[in-house]
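Subject: Handing over the structure

Dear colleague,

I am passing this structure on to you, and I would be glad if you kept it open while you read. Below it I have set out what was found, one part after another.

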Amino acid sequence: MPGARIIHMQRDALDTCYSVFKSLIFGAHSYSYNLEELADYYQSYRAHMQHWREAFPGQILDVSYEDLVRDADAQAGRMLDFCGLEFEQGMLE
């Protein structure tokens with residue numbers, strides 16, 4: 001995907017892991033039922049994202065979920081700029 005722009009939405013680690021742990025998804029994601037396995041899985045995810053950032057510099061924009069909730073206008077602007085898109089009325093509605 002040469003030239004692709006990827007928006008990586010991330011949330012606080014504790015919030016993410018708690019959300020996964022409390023969600024019962026029967027028959028899938030067995031790591032999510034064990035806190036140690038879940039922590040290992042999350043660390044693996046972080047390492048993978050770092051790999052992709054290094055492999056594709058400038059093509060991945062990290063956006064904090066908390067920042068998006070706090071200031072949606074500014075974060076939407078960052079994402080649009082990153083993707084080379086113009087703001088259009090109604091995007092934030």
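Which residues of helix 4 are buried? Please bear in mind, as you look for them, that this is a predicted model. The buried residues of helix 4 are Gln75, Ala76, Met79, Leu80 and Phe82, and because they cover an arc of only 160 degrees around the axis, they sit on the same side of helix 4. Asp73 and Asp81, by contrast, are exposed on the other side of this helix. The elements that cover the buried residues of helix 4 include strand 1 (6-10), strand 2 (60-64) and helix 3 (65-70).

The length of helix 4 can be checked as well: its 12 residues, 72-83, should span 16 Å at 1.5 Å a residue, and its end C-alpha atoms are indeed 16 Å apart, so the two values agree. After helix 4 comes Gly84, which has a positive phi, near 70 degrees. One of the buried residues of the helix, Phe82, also has a charged partner, since Arg5 lies over the face of its ring, at 4.8 Å from the ring centre.

Helix 2 can be read in the same manner. It runs over residues 35-55, has 21 residues, and reaches 30 Å from its first C-alpha to its last, which is close to the 30 Å expected at 1.5 Å a residue. Its buried residues are Leu38, Tyr42 and Met49; seen down the axis of helix 2, they fall within an arc of 40 degrees, and therefore they line one face of the helix. On the other side of helix 2 you will find Glu36, Asp40, Gln43 and Glu54, which are exposed. Among the elements covering the buried residues of helix 2 are strand 1, helix 1 (13-22) and strand 2.

Turning to the aromatic rings, a search of the whole structure finds two aromatic pairs. One of them is formed by Trp52 and Phe56, whose rings are stacked, with 5.9 Å from centre to centre and 20 degrees between the planes. Trp52 is partly exposed, with a relative accessible area of 38%, and Phe56 is likewise partly exposed, at 35%.

Finally, how many disulfides are there? The count comes to zero, by the rule used here. As for individual cysteines, Cys17 is buried, with a relative accessible area of 17%, whereas Cys83 counts as partly exposed, at 29%.

With best wishes

Technical notes:
Residues are numbered from 1 along each chain as its sequence is written. This is a predicted model: local features need pLDDT of at least 70, side-chain atom pairs count only at pLDDT 80 or more; totals for chains, interfaces and linings use all residues. Side-chain values use heavy atoms; hydrogens and water are left out. Rings of Phe, Tyr and Trp (its six-membered ring) pair if their centres lie within 6.5 Å; planes under 30 degrees apart count as stacked, over 60 as edge-to-face and the rest as tilted. Buried means under 20% relative accessible area, exposed over 50%, partly exposed in between (1.4 Å probe, protein chains only). A charge sits over a ring if NZ of Lys or CZ of Arg is within 6 Å of the ring centre and within 35 degrees of the ring normal. Helices (H or I, at least four residues) and strands (E, at least two) are DSSP runs, numbered from the N terminus. The expected span of a helix is 1.5 Å times one less than its number of residues. The arc is that of the directions from the helix axis to the C-beta atoms. Contact means heavy atoms within 4.5 Å. A disulfide is a pair of cysteine sulfur atoms within 2.5 Å.
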